[in-house]
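Got the structure open in your viewer? Let's take a walk through it, one selection at a time.

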Amino acid sequence: MGITFRKETFRDDFTFRNSPEHIRRFPFPFHEDAYMYAVNIEPHVVGPKGSVLENLIDVDEHYVAEMQDRALVLAEDPLRCQSLPHMTLAGWDLLELLMEQQALGYPEHFTLTRDGDRWRWINRPLGIDDTFTFGDTSTLPYGPMEYITRQSQGDFCILDQRDGNLWMDAGMVTTQADWSLDFDIGMNFFEWHAPVPLAHEKGIFVRALKFLTNIQQGKPARRLNWTMTINPRLDTSPENYHKWGPDRATVTPENVGDKVHLRVELQSFWRLPRSNGIVFPIRCYLIKMDELVTQPKWARRLHRVIRDLPEELATYKGLTRFRPTLVEWLSKLDDGSVTSSGFGPD
Amino acid sequence: MSTGTTKLDVVVSDVVPVNDLVTRFHFRRRDGELLPTFSGGAHVVVEMRDGERTRLNPYSLMGSPLDTREYTISVRRDDVGRGGSLFMHRNVKPGMEMVVSYPVNLFSLDLRAKKHLMLAGGIGITPFMAQTAQLAAEGGNFELHYTCRTASLGTYADVLRERYDRRVRLYHDDLDERIELDRLLSTQPLGTHLYVCGPAGMINWVRDRAASLGWPAETVHFEHFAAPQPGLPFDVTLAVSGKSIRVDEQQSLLEAIEAAGVDPPYLCRGGVCGQCETNVISCDGKFIHNDHWLSEEEHRSGKKIMPCVSRFEGRSLVLER
């Protein structure tokens, strides 16, 4: 039967909504009533039916609208998509991965046919039917990374692995939580994580890098990260800070439920076979407070997490301005009862 | 049995003697599907079931990464080693079902290089077979210098000359031909990366000369798998799993741990990747460290061991496994 794709916007009139089914499958990131950094990496294996892990590359009801929003961002700012010259092979690796996974998970929407290096790709939701030669950039309208990531939800960073480090040498980044590919391009793992508070002292990045450089082909890994965004805006980039930064001052007790969104990133890590690089998809899920609190367990837990969050983390995540208003609003939904462990709704 | 990599069920599709010392093995997937794509320089770990004993040896993939219908490896017979290569030469026949790991690359090309300068010694030629195939297909700039004992032991020298002509330069020990290393390293264009695979002495020589001649360390790449060496048997207590084991003469410590039903992670089984690093809880005796992973300081500390290649001599050893 396939997915019914919503017509909606992530800017201007902000018509983005989650259907009731999509509220239930939201990847709520807190398994207990408090949050602190940890190296929360686990194998990226298929999860339960009806969850965002049902397929390793998730396509959902927001797919078409997200791809339209990406095209708008790129038209205004082409530097959101960059690939250093040595990364073209990795771009082909990524094209293969995303075509294979989307066709595998959603055969009613995507079809990949291969005859040697002659490939045909059909993307029905976006009305694309292209035949091209794998490995020959001149047979596609864009470079391989840009071509496929204009058709795949989430941001994508391709990391080159050398000298025992990972280097941000290519990416498509239009749905980011306040970081810039144009600023980070060419940086190594420690350089681009330099602004993150607390985690360096805990030695988290040293351990995380050791883990990531050992990611093996056929054994992807994943973790969840989160922040909060005012209005369902995908493009919260430093480049456009003037457009979304002031939104944080618009939160009132009356509009919390509609304006404040929990933003969860499902980050996964995959070894790329030909280039030996790593691709790091960062898939963004948004849910407004009114939708989230339809699950009483999530409402209680989110109240406790935001209330008790260390100040440095609240600042880093940009919550300072509206945190008191949000905590006050959520506190009315927290009767103090015990909340079961685990992520899912009760 | 390992937590390291995913496994592939394969069948031996061909066994081809190459010369007096080297035999080539071809593997295809048992289900007839294509094998996973790999990058030049990758290896697989081959599981050898030899009666009661299981050996796991890493071998570089030497076919073209563009052709994943089969994987090919070349095994040099080592008459005084622990028996893995002898098992391959004597026991592995076409049609035999085996298990190999997914490919792992610890000797990757640096794709930023303007030129790839490759130095191979003996059986160290195998990763370059795949890397040259990959680069040639992309129009990459490479040059291969290959030293072997004699022309008849110059494994694949003829194939390489035929494929790449003057981009391959051969040196024969019996004719007293030597790589003019200093001249070679002093005359490369900016942006060249250096790759070396061969005996430990050759790797050390090339790395030393490159460092002396001002090559930045990040442009010098080397494949340094140490084969586990046989040695005196020793006893080990595995504190976490509560087991006492004996490592016999021909067995590595890692293999003995695995034989006891404990599965430490591993990737290379050659002392370079760091996956099987193990903490020492207590010991009375001396370590024989053969790895390239731990620092000299860590070797001296007696607090860590790489069980894939290192051994122990003494009264007692307790490991955190």
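Start by selecting residues 165-172 of chain A, which make up strand 7. Of its 8 residues, 7 are buried, so this strand is largely enclosed by the rest of the structure. Keep in mind as you click around that this is a predicted model.

**Neighbours of strand 7**

Leave strand 7 of chain A coloured and add strand 6 of chain A, residues 155-162. The two run antiparallel and are joined by 7 bridges. For one matched pair, pick A:Phe156: its bridge partner in strand 7 of chain A is A:Met172. Now follow the chain from strand 6 to strand 7 of chain A, through a hairpin with 2 residues between the strands. Stop at A:Asp163, which takes a positive phi near 55°.

Next, add strand 2 of chain A, residues 81-83. This strand also runs antiparallel to strand 7 of chain A, and 3 bridges join them. Click A:Gln82 and look across to strand 7 of chain A: the residue opposite is A:Gly171. What holds paired strands like these together? Strands of a sheet pair through backbone hydrogen bonds, either parallel or antiparallel.

**Another hairpin in chain A**

Select residues 118-123 and 128-133 of chain A, which are strand 4 and strand 5. They pair in the antiparallel sense over 6 bridges. Pick A:Arg120 and you'll find A:Thr131 of strand 5 standing opposite. These two strands form a hairpin too, with 4 residues between them. In the turn, A:Gly127 has a positive phi of about 65°.

**Over to chain B**

On the way, show where the chains meet: 14 residues of chain A are in contact with 18 residues of chain B. The chain A side of that contact divides into 2 nonpolar, 8 polar and 4 charged residues.

Now colour chain B by its domains: domain 1 is 7-105, domain 2 is 115-223 and domain 3 is 234-319. The C-alpha centres of domain 1 and domain 2 of chain B lie 24 Å apart. Where they touch, domain 1 of chain B gives 17 residues and domain 2 of chain B gives 12. On the domain 1 side, those residues are 7 nonpolar, 8 polar and 2 charged.

**A sheet in chain B**

Which order do the strands of the open sheet in chain B follow? There are 5 of them, in the order 10-9-8-11-12, with parallel pairing. At the edges are strand 10 (168-172) and strand 12 (220-223) of chain B, each pairing on one side only. On average, neighbouring strands in this sheet are turned by 15° against each other, direction ignored.

Zoom in on strand 9 of chain B, residues 142-148: 5 bridges join this strand to strand 10 of chain B, and the two run parallel. Click B:His145 to find its bridge partner in strand 10 of chain B, B:Arg169. Then show helix 3 of chain B, residues 157-164, which packs on the sheet and touches strand 9 and strand 10 of chain B. The direction of helix 3 makes about 155° with that of strand 10 of chain B.

**Last stop: the cores**

In soluble globular proteins, nonpolar side chains tend to be buried together. The largest nonpolar core here has 75 residues, and those touching the most other members include B:Leu61, B:Val100, B:Met118 and B:Leu144. Select B:Val100 and look beyond its neighbours within four places in sequence: its contacts include B:Leu8, B:Phe27, B:Val45 and B:Tyr71. Apart from this core lies another, of 35 residues, among them A:Leu98, A:Met172, A:Trp192 and A:Leu272.

Technical notes: Residues numbered from 1 in each chain as written. Chains lettered and ligands numbered in written order. Predicted model: local features only at pLDDT ≥ 70, side-chain atom pairs only at ≥ 80, totals over all residues. Pairing = 2+ DSSP bridges. Core = buried A, V, L, I, M, F, W, Y, C linked by C-beta atoms within 7 Å. Buried ≥ 20, exposed ≤ 12 C-beta atoms within 10 Å, placed from the backbone. Contact = placed C-beta atoms within 7 Å. Axes fitted to C-alpha atoms, helices over the stretch in contact; angles between N-to-C directions. Nonpolar A, V, L, I, M, F, W, Y, C, P; charged D, E, K, R; others polar. Domains from an automatic or database assignment.
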